[in-house]
Amino acid sequence: SNEKTYPINEITITADDVSGQNFSIRNTTSFDIDIEKILDSDLPFEIEDSRQVQVLIVHTHTCESYMSEDSNCYPESFYPRTTNNELNVYAVGEVIKDKLKQKGIGVVHAKEQHDNPSYDGAYDRSYDTIKKYLDKYKGIKVVIDLHRDSMTQEDNTKLKPVFEYNGKKGAQIMIMSGYGGNNSNFPTWEENLNFAVKLQHKCETMYPQMMRPLYFGDFTY
């Protein structure tokens, strides 16, 4: 009760429509995205109604966690990381895994904590994990690296991106899709972008304002 607290402000992140569609893209690359062409094209893969593993869920920053209760402030001692997989972003991945299985989609969920004991090098370790699972399950078509975002301003105010649907609030989601250009080490970036644009469009059609602008940038995630 004597501890200093900082505010948490709810926001809904939107952006101007750039395509005549119901969503926008934050494009920080030199690549000109033809959204209409992508939406008119086929997906580069097909998910089948099968128990065969087709989706891998992994967490580069597995220990990213949440507050235990909804609040408009947080204490100075709050540390948004834990190795308890019932309280961190791994628990979110478990829900997604269960929902996919209910739809007849085979999925595997990696438990490896790539940011424990060290945050540095987490992406290298998660990359090794992904390769291990791809070698084991040859039918994987989609890899999801699921994070818990954190938005903190200079005055320590935290921002909580939310949207409302049927009178209930939910967390906004941001998809990140990287640009590879002529990078031979990232040959699937156009397939990733194709999937990301279609997923963004579908989500916004079903649940308006659920999606933050799709972030397309010069990274090789």
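Biologist: Which residues of helix H4 are buried?

Modeller: In this predicted model, local features need pLDDT of at least 70 and side-chain atom pairs count only at pLDDT 80 or more, whereas totals for chains, interfaces and linings use all residues. Residues are numbered from 1 along each chain as its sequence is written, and side-chain values use heavy atoms, without hydrogens and water. Helices (H or I, at least four residues) and strands (E, at least two) are DSSP runs numbered from the N terminus; buried means under 20% relative accessible area, exposed over 50% and partly exposed in between (1.4 Å probe, protein chains only). In H4, the buried residues are Trp-189, Leu-193, Asn-194, Ala-196, Val-197, Lys-198, Gln-200, Cys-203 and Glu-204.

Biologist: What distance does H4 reach from its first C-alpha to its last?

Modeller: H4 covers residues 189–206, which makes 18 residues. The expected span of a helix is 1.5 Å times one less than its number of residues. For H4 this expectation is 26 Å, and the model comes close to it, with a reach of 26 Å.

Biologist: Which elements do the buried residues of H4 pack against, and at what angle does H4 run to S10?

Modeller: Contact means heavy atoms within 4.5 Å. The buried residues of H4 pack against helix H1 (35–40) and against strands S2 (25–27), S9 (176–178) and S10 (214–217). Axes are lines fitted to C-alpha atoms, for helices over the stretch in contact, and angles run from 0 to 180 degrees between N-to-C directions. H4 lies across S2, S9 and S10, and its angle to S10 is about 165 degrees.

Biologist: In the open sheet of three strands, which strands stand at the edges, and why is one side of each left without a neighbour?

Modeller: Two strands pair if DSSP finds at least two bridges between them. This sheet has the order S2-S10-S9, with parallel pairing. One side of each edge strand has no neighbour in the sheet because each has a single partner strand; these edge strands are S2 and S9.

Biologist: Which residue of S10 stands opposite Ile-25?

Modeller: S2 and S10 are joined by three bridges in the parallel sense. Within this pair, the residue facing Ile-25 is Leu-214.

Biologist: Which element supplies the largest share of the largest nonpolar core?

Modeller: A nonpolar core is a set of buried Ala, Val, Leu, Ile, Met, Phe, Trp, Tyr and Cys residues joined through side-chain atoms within 4.5 Å. The largest one has 19 residues, of which Ile-25, Ile-33, Ile-35, Leu-193, Val-197, Leu-214 and Phe-216 touch the most other members. H1, H4 and S10 each supply at least two residues of this core. The largest share is five residues, and these come from H4.

Biologist: How many residues does the other core hold?

Modeller: This core lies apart from the largest one. Its members include Leu-56, Val-58, Ala-110 and Ile-140, and the total is eight.

Biologist: Which residue of S5 is the bridge partner of Ile-57?

Modeller: Strand S3 (residues 50–58) and S5 pair in the parallel sense over five bridges. Both faces of S5 are covered, with Ile-105, Val-107 and His-109 buried on one side and Gly-106 and Val-108 on the other. The bridge partner of Ile-57 in S5 is His-109.

Biologist: Is His-114 buried or exposed?

Modeller: His-114 sits in the loop between strand S5 (105–109) and helix H3 (122–136). Its contacts, leaving aside neighbours within four places in sequence, include Val-58, Thr-60, Arg-125 and Thr-129. With a relative accessibility of 3%, His-114 therefore counts as buried.

Biologist: How far is the backbone oxygen of His-59 from a polar atom of the side chain of His-114?

Modeller: A polar contact is a pair of N or O atoms within 3.5 Å; within protein, one must be able to donate a hydrogen and the other to accept it, and residues adjacent in sequence count only if both atoms are side-chain atoms. For the backbone oxygen of Glu-112, the distance to a polar atom of the His-114 side chain is 3.5 Å. For the backbone oxygen of His-59, the distance is 2.8 Å.

Biologist: What relative accessibility does Thr-82 have?

Modeller: Thr-82 is found in the loop between S4 and helix H2 (89–102). Not counting residues up to four places away in sequence, Thr-82 touches Cys-63, Ser-65, Leu-87 and Asn-88. A polar atom of the Thr-82 side chain lies 3.1 Å from the backbone nitrogen of Asn-84. Thr-82 counts as partly exposed because its relative accessibility is 22%.
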